[in-house]
Amino acid sequence: MGLDLHVTAGRIVLTGELDRATCGHLVAACPMLVAATPAVWVVDLTDLTFCDASGLRALVALRRAAADAGAAVVLNGARPLLRRLLAFVSLSDVVAPVLPAAPTPAASSSGRPPAVHLASLDTARARSSQARSAGPAAGADARAARR
């Protein structure tokens, strides 16, 4: 598995297989992201070819670490099978939606899915804030305070 970590941007690019032998690398990236304090951790799964139960646990641990640090997680580029597996481990709410986009020469030649729309990141931040709040009233108060 390849793991490309952009700490200050809060971006992780995974390639290859995320399994029992490699999931420790993803978990080891969490403290570095916590220290860098990006508001959103974006995990690019476009080139991930395999993910087993250990890999799924590592993604759950990553989400837990982000939530503890007050950050949101967005999983981008998950293939259909992985999207279904992520639903089983309660991660479907952080999977970036597949947005229809007009094909462009750069996008079609790279083979990558369309980029995440910024509204998706805002939605992920809002969900993360709601999950950390004590209740619905506390979440509304926190959102009103940020405005």
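These are my notebook entries on a predicted model, covering its sheet, its helices, its nonpolar cores and one loop residue.

**Entry 1, sheet.** I began with the strand order. The sheet is open and has 4 strands in the order β1-β2-β3-β4, and the pairing is mixed. I then looked up which strands sit at the edges. β1 (2-6) and β4 each pair on one side only. The twist from one strand to the next averages 20 degrees. For the pair β2 and β3, I found a parallel run joined by 7 bridges. Within the strands I noted one cross-strand position: E17 stands opposite F50 of β3.

**Entry 2, helix on sheet.** I asked which strands α2 lies across. α2 covers β2, β3 and β4, and its direction is at about 180 degrees to β3.

**Entry 3, helix pair.** Next I took α1 against α2. Their axes are 9 Å apart and the packing angle is about 5 degrees. That angle makes α1 roughly parallel to α2, because angles under 35 degrees are counted that way. I listed the residues in contact. From α1 they are C23, L26, V27, C30 and V34, and they meet S54, G55, A58, L59, L62 and A65 of α2. By type, the residues of this contact are 9 nonpolar and 2 polar, with no charged residue.

**Entry 4, main core.** I looked up the largest nonpolar core, which holds 27 residues. Which residues touch the most other members? They are W41, L75 and L86. The elements giving two or more residues to this core are β2 (11-18), α1 (23-36), β3 (40-51), α2 (53-68), β4 (72-76) and α3 (80-88). The largest share comes from α2, with 6 residues. I followed L75 further, leaving out residues up to four places away in sequence. L75 touches V43, L45, L59, L86, V94, V95 and A96. L59 is thus a contact of L75 and also one of the α2 residues that meet α1.

**Entry 5, second core.** There is a second, separate core of 5 residues. Its members include V40, A72, V74 and A96. I noted A96 twice, since A96 also appears among the contacts of L75.

**Entry 6, loop residue.** Last, I checked A39, which lies in the loop between α1 and β3. Is A39 buried, partly exposed or exposed? Its relative accessibility is 45%, so A39 counts as partly exposed; the class lies between under 20% for buried and over 50% for exposed. I also recorded its separation from G10. The two residues are 29 apart along the chain, and their C-alpha atoms are separated by 7.7 Å.

How values were computed
Residues are numbered from 1 along each chain as its sequence is written. This is a predicted model: local features need pLDDT of at least 70, side-chain atom pairs count only at pLDDT 80 or more; totals for chains, interfaces and linings use all residues. Side-chain values use heavy atoms; hydrogens and water are left out. A nonpolar core is a set of buried Ala, Val, Leu, Ile, Met, Phe, Trp, Tyr and Cys residues joined through side-chain atoms within 4.5 Å. Buried means under 20% relative accessible area, exposed over 50%, partly exposed in between (1.4 Å probe, protein chains only). Contact means heavy atoms within 4.5 Å. Axes are lines fitted to C-alpha atoms, for helices over the stretch in contact, and angles run from 0 to 180 degrees between N-to-C directions. Angles under 35 degrees count as roughly parallel, over 145 as roughly antiparallel, 65 to 115 as roughly perpendicular and the rest as oblique. Ala, Val, Leu, Ile, Met, Phe, Trp, Tyr, Cys and Pro count as nonpolar, Asp, Glu, Lys and Arg as charged, and the others, Gly among them, as polar. Two strands pair if DSSP finds at least two bridges between them.
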